[in-house]
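Welcome! Take a moment to look over the sequence and the model, and then we can walk through the empty spaces, the helices and the aromatic rings together.

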Amino acid sequence: MALTLYELVGAEGRKFSPYCWRIRLALAHKGLEAESVPVRFTDKALLAFSNQKLVPVLVDGETVVSDSWDIACYLEQAYPDRPPLFGSEDARGLCRFVNDWAGRVQVSGIFRMIVRDILDRLDPEDREYFRASRERRLGKTLEEIQADREQRVEEFRTNLSPLRATLRAQPFLGGDRPNYADYIVFGGFQWARIASPFILLENADPIRNWRERVAGLFDGLALSEPGFDW
């Protein structure tokens, strides 16, 4: 049965959602292919069948799954004969921690440093919606939110210390081989690479080496999407 993945796109069809990239890499890890359906911010009616408004959404036959974490768990359950995303229930529990950490620390930290740049990566019909919705949510203009990022990036780098320490000791968050935890965290950096020219990490940071390793997986799947130097 063919798989279909509904995922967020910007100008020129560039796929930049960190949550969608988690699932693109999870599918590749499982050796599965999915037809991509592009969804723009103002195309949310395309998702009405899923009874919610957010991407990613995976359709597998009669099964519809939304939310990146739920999709990863579904893939693990539905395709047990394929390479595991977690490896064990214990590993799944640790990946859930990484999932929550990435949302609250990594993705939120990146957002405030690239939010105005994201606007420039969108089609004209999406820009008004994006600006109005984000400024209403945060009570500031996009320019004010992104201001002083050259100073704030230092705090962001400090907050990545546990990630950095782990990647000094092993090549992937999953250990000797990548698992879903790697795809969770990588998705945030891939989002930044596609959306913004702003450099998040210093040259000597071991996170950069890990990022290159993950980017090269699956015949360079992540690097096939146009973006900036990182």
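## An enclosed space

The model you see here is predicted. A good place to begin is the inside: searching the whole structure turns up 1 cavity of 30 Å³ or more. The volume of the largest cavity is about 50 Å³.

Which residues line the largest cavity? They are Phe 189, Ala 192, Arg 193, Ser 196, Phe 198, Ile 199, Leu 200, Arg 211 and Trp 230. Helix α8 provides the largest share of this lining, with 3 residues. Sorted by class, the lining of the largest cavity holds 6 nonpolar, 1 polar and 2 charged residues.

## The largest pocket

Now for the open spaces. The largest pocket contains about 730 Å³ of space. It is lined by 31 residues, and those closest to its centre are Pro 18, Tyr 19, Leu 54, Val 55 and Arg 134.

Four helices each supply at least two residues of this lining: α1 (18-29), α2 (68-78), α3 (89-120) and α4 (124-138). Which of them gives the most to the lining of the largest pocket? That is α3, with 9 residues. The lining of the largest pocket is made up of 16 nonpolar, 6 polar and 9 charged residues.

## The second largest pocket

The second largest pocket has about 350 Å³ of volume. Among the 15 residues that line it, Leu 94, Phe 97, Val 98, Thr 166 and Leu 173 lie nearest its centre. Two or more residues of this lining come from each of α3, α7 (161-169) and α8 (180-195).

Helix α3 appears again here, giving the largest share of the lining of the second largest pocket, 6 residues. How many charged residues does this lining have? There are no charged residues in it, and the rest divide into 11 nonpolar and 4 polar.

## Two helices with a buried side

Let us turn to helix α6, which spans residues 149-159 and has Arg 149, Val 153, Phe 156 and Arg 157 as its buried residues. These residues are on the same side of α6, because they cover an arc of only 95 degrees around the axis. On the face turned away from the buried side of α6 you can find the exposed residues Gln 151, Glu 155 and Thr 158. The cover over the buried residues of α6 includes α3, α5 (142-146), α7 and α8.

Helix α7 can be read in a similar way. Its buried residues include Leu 163, Arg 164 and Leu 167. Their arc around the axis is only 100 degrees, so they sit on the same side of α7. The exposed residues Pro 162, Arg 168 and Ala 169 are carried by the face of α7 turned away from its buried side. Packing against the buried residues of α7 are α3, α6, α8 and α9.

## Aromatic rings that meet

The structure has a count of 11 aromatic pairs. One of them is tilted: the ring centres of Trp 69 and Phe 86 are 5.5 Å apart, with their planes at 50 degrees. Trp 69 belongs to helix α2 and Phe 86 to the loop between α2 and α3, so the pair ties together parts that are 17 residues apart in sequence. Both Trp 69 and Phe 86 are buried.

Phe 189 and Trp 210 make an edge-to-face pair, with 6.2 Å from centre to centre and 70 degrees between the planes. This pair links distant parts of the chain, as Phe 189 is in helix α8 and Trp 210 in helix α9 (residues 206-215), 21 residues apart. Are these two rings buried or exposed? Phe 189 counts as buried because its relative accessible area is 1%, and Trp 210 counts as buried because its value is 0%. You have met Phe 189 before, as one of the residues lining the largest cavity. Ring pairs also link Phe 16, Phe 41, Tyr 129 and Phe 130 into a cluster.

## A meeting across the sequence

One last stop is Asp 120, which is found in helix α3. Its relative accessibility of 39% makes Asp 120 partly exposed. Where does Asp 120 lie relative to Gly 10? The two are 110 residues apart in sequence, while their C-alpha atoms are 9.2 Å apart in space.

Notes. Residues numbered from 1 in each chain as written. Predicted model: local features only at pLDDT ≥ 70, side-chain atom pairs only at ≥ 80, totals over all residues. Heavy atoms only, no water. 1 Å grid on protein atoms, 1.4 Å probe; cavity = no way out; pocket = protein on both sides within 12 Å on 5 of 7 lines; lining within 4 Å. Points joined across faces, edges and corners; volume = space filled by probe spheres on them. Nonpolar A, V, L, I, M, F, W, Y, C, P; charged D, E, K, R; others polar. Buried < 20%, exposed > 50% of the residue type's maximum accessible area, 1.4 Å probe, protein only. Arc of directions from axis to C-beta. Contact = heavy atoms within 4.5 Å. Phe/Tyr/Trp six-rings, centres within 6.5 Å; stacked < 30°, edge-to-face > 60°.
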